[in-house]
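Please consider the structure displayed here together with its sequence. The paragraphs after it form a guided reading, with attention to how side chains are placed.

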Amino acid sequence: MGIKFDDKRKVFFLTTQNSEYQIAIGDGGVLLHAYYGKPVCAADMSYLLAEIDRGFSGNYYEMRDRRGFSPDTLPQEYSTFGAGDYRVPALVVEQDNGSRTLDLRYKEHRIVQGRRHSEILPYVRENSDETESLEIDLFDEVAGLTVTLIYNVFASKDVITRSSVIANTSGNTCRLLKAASMSLDITYKKMDLIHFHGRHAMERQMERSPLTHDVHMVGSSRGTSSHHNNPFVILCDRGAGEDYGECYGFMLMYSGNHAQEVEVDQSGSIRMVSGIGREDFTWKLYMGEAFETPEVIMTYSSRGLGQLSRNYHRIIRENVCPPEFNDYKRPVIINNWEGTYFGFDDNSIKEMMYAARQCGCEMFVLDDGWFGKRDDDNSGLGDWYVNMSKLPCGISGIADYAEGLGLKFGLWFEPEMINEDSDLFREHPDYVLRDPDRKPVMARNQMVLDMSRPEVVENIFCQMKEVLDGADISYIKWDFNRSLSNVYSVAAGREGQGEVAHRFVLGTYSLLKKIRETYPGIMIEGCSGGGGRFDAGMLFYTPQIWCSDNSEAINRLRIQEGTCYGYPVSTVGSHVSASPNHQNGREVPIATRAIVAMSGTFGYELDPRELTEDEKEEIRKQIDLYNGYYSLIQNGDYFRISDEYSREYFTAWSFVAGDKTEALLNLVVTDVRANPEIPFVKLKGLDPLARYRIDNIYSSIKEKPPESGFRSMIGVGNSYSGAALMNGGLALDPMYGVYPAIQIHLIKV
Ligand code: GLA
């Protein structure tokens, strides 16, 4: 495992436990992609690099008689524009003389133990000594450009990350017009593309479609990774399912504009290009400067989509999220947003805290509305000092009250935003990101701060510091409630405007980094109108992200399932909210709401003063259950149980402990039926030879169906072999009523 270079054959072998990646230095130093797939025990796969003259595909000058050796048809390791490769390029550079032709050739390489990392971009952290990295320098003599391709191999986790650094080694200035992190050419395959589209309050809906002979682009030009297209795509075999078939995942670790481009070329070869989006990007690279691209987390699974998801869950949990919170038991949160919106004062907040504590909640989060002149969404953003007319006891008074009750305390910020009606805007109107000759585009009555400017970042940091130093705060909810538009910085000059969108993201990262370094014990939950910035870049700083502003359990089934294709449940902010739900008006039993919310960082988002005694009792029970299953849910292996057919009737998923000693099955019926089919599931990931006993059943079902004549086959104490549960399956009781749900805890006996 790890990285090897065969000097004779000129082939690099990057091997993980269950995958192998090969790069060949072809004739003339052309860097070719030879293989990515199941391990082949370092067999040199470059024999697959077929040379065919396809016509209208040019040849390198020095090999002009070798008509099959064409940049247009051979699988390239990093594609560039202008020198005969007509497929989607990863890199386009305008040089000093205006030329945009690039012809990169191998120069040298280094194999490094461990990994180097960026100081300005998030990265996959090295864990103990498992990482090895390869740096290949490519050089274009005429352009005076060196491109370093970086590969970090996380062998035991089946992950390889890729990025590139573009260095101007010429005596002139050049301009990057496109600088993607990677490209990958996959040959001899017919594949499907899976991506996760959506909108506000309906994020990450999984969509799967067969690739056709065109370019498919999944991306965002909103300045953030967006609700609309997550920077994560999967390419998989046409027939791949949960447990079988080859799949490749590409997850860009970046929170701004992005583009995931997939092309099927004339010969059926698939090219994947992933990186920063092109629309609002140009970058002037002066002599001696280098540009770093964000990392792409790649994984390969020969065992279907389920394994691919679990590979991502592990690497994100253990190597992406801040390590301080890996083993930290996240408190059960109650957040006041859906309980009060802007309408609260210190009395009502204290009453809510008291009622929440009675229910067993562990942390109170004070959401939007505590600062500046913030009584609605027209004013206050940018003024991070307490609204004394609402909270005369100040944040410290509220935090102290929480502490007195035994609750931790968290606070909402939206650091990158500003209202026209704010002291910050009155004092610094130039801090806003906008073309000064135009009226700004407004969204939710707010504008975006110019985070590309260090003095803006510093101003917000100092304001936040004042608040964080003044009270015992153990959590921040970091929100971002609009897309960017009018992207223009008065500080960037005419030439620098194409850099602002990326510099904005770097500014945000620098603020997050500074807050993290100054307050390592404060956990940050990311948020952007719910899940508008749910990406691995943010997860590097914020180990959990509010998954969606849609807190309704039945809609959440799809949102959370889509999210968990790439991201572990430990990152998914998920709360029980009131019924009828505020977003779609649906009524769902409290047990069903909790079963769905438990597959995330569990909490409540309602006014606890309005709960009945029975509901309070139920919540106490739910919190006890969740805390008991905490490690199993957060660190266990996640399995999607329902398939595309059963999903019309119910959604089921499970968690299995790493040592297979316990499992938790969850099932929600979304389409109750008369004279119903028996909900039938096959469990996954158990030890076939072990015996599992049903230890607990938690369910929304209070009564048996009338006159069903059904003899229940499940009950606490029943036991089955792992093989029986996985191959024979489990027949559950028919479920009646409104969105019934069941959660079954199994332990190995
Ligand atoms: C966003 C968040 C919500 C809440 C509001 C407050 O929409 O996603 O949870 O914090 O902002 O304005």
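The account below begins at the ligand and then turns to a buried glutamine, the aromatic pairs and some backbone details.

The model is a predicted one. A ligand is present, and 13 residues surround it. Among these, D367, D368, R444, K477 and D549 come nearest. By class, the shell consists of six charged, four nonpolar and three polar residues. Specific polar approaches can be named. The side chain of D549 places an N or O atom 2.4 Å from an oxygen atom of the ligand. For K477, a polar side-chain atom lies 2.7 Å from a ligand oxygen atom. In the case of N481, an N or O atom of the side chain is 3.0 Å from an oxygen atom of the ligand. How much of the ligand's surface does the protein bury? Taken alone, the ligand exposes 300 Å², and the protein buries 96% of that area.

A second site of interest is Q743, which belongs to strand β38, spanning residues 741-748. Is the side chain-bearing residue Q743 buried or exposed? With a relative accessible area of 1%, Q743 is buried, because the cut-off for that class is under 20%. The side chain of Q743 makes a polar contact of 3.1 Å with the side chain of N666. When neighbours within four places in sequence are set aside, the contacts of Q743 include I595, M598, L625, Y629 and L664. Also among them are L665, N666, N696, I697 and Y698.

Aromatic side chains provide a further theme, as the structure holds 34 aromatic pairs. One of these, formed by Y123 and F540, is tilted, with 4.8 Å centre to centre and 55° between the planes. Y123 lies in the loop between β6 (105-113) and β7 (131-140), and F540 in the loop between α8 (536-539) and β28 (544-546), so the pair ties together parts that are 417 residues apart in sequence. Both partners count as buried: Y123 has a relative accessibility of 14%, and F540 has a relative accessible area of 7%.

Another pair, W370 with F413, is edge-to-face, at 5.5 Å centre to centre and 85° between the planes. This pair links distant parts of the chain, 43 residues apart. W370 is placed in the loop between β22 (363-366) and α4 (394-405), whereas F413 is in strand β23, residues 408-413. W370 is buried at 0% relative accessibility, and F413 is likewise buried at 0%. Elsewhere, F196, F232, Y312, F534, Y565 and Y567 form one aromatic cluster.

The backbone deserves attention as well. Most residues other than glycine have a negative phi, and most peptide bonds are trans. Against that background, S579 and P580 are joined by a cis peptide bond, with omega about 0°. P580 lies in the loop between β29 (572-577) and α10 (590-597).

Two residues that are not glycine have a positive phi: F56, near 55°, and D158, about 55°. F56 is found in the loop between β4 (31-37) and β5 (91-94), while D158 occupies the loop between β8 (145-154) and β9 (159-168). Which of the two classes, buried or exposed, applies to F56? F56 counts as exposed, at 86% relative accessibility. D158, by contrast, counts as buried, at 6% relative accessibility.

Note on methods. Residues are numbered from 1 along each chain as its sequence is written. This is a predicted model: local features need pLDDT of at least 70, side-chain atom pairs count only at pLDDT 80 or more; totals for chains, interfaces and linings use all residues. Side-chain values use heavy atoms; hydrogens and water are left out. A residue is near a molecule or strand if one of its heavy atoms lies within 4 Å of it. A polar contact is a pair of N or O atoms within 3.5 Å; within protein, one must be able to donate a hydrogen and the other to accept it, and residues adjacent in sequence count only if both atoms are side-chain atoms. Accessible areas come from the Shrake-Rupley method with a 1.4 Å probe; for residues, only the protein chains shown count as cover. Ala, Val, Leu, Ile, Met, Phe, Trp, Tyr, Cys and Pro count as nonpolar, Asp, Glu, Lys and Arg as charged, and the others, Gly among them, as polar. Helices (H or I, at least four residues) and strands (E, at least two) are DSSP runs, numbered from the N terminus. Buried means under 20% relative accessible area, exposed over 50%, partly exposed in between (1.4 Å probe, protein chains only). Contact means heavy atoms within 4.5 Å. Rings of Phe, Tyr and Trp (its six-membered ring) pair if their centres lie within 6.5 Å; planes under 30 degrees apart count as stacked, over 60 as edge-to-face and the rest as tilted.
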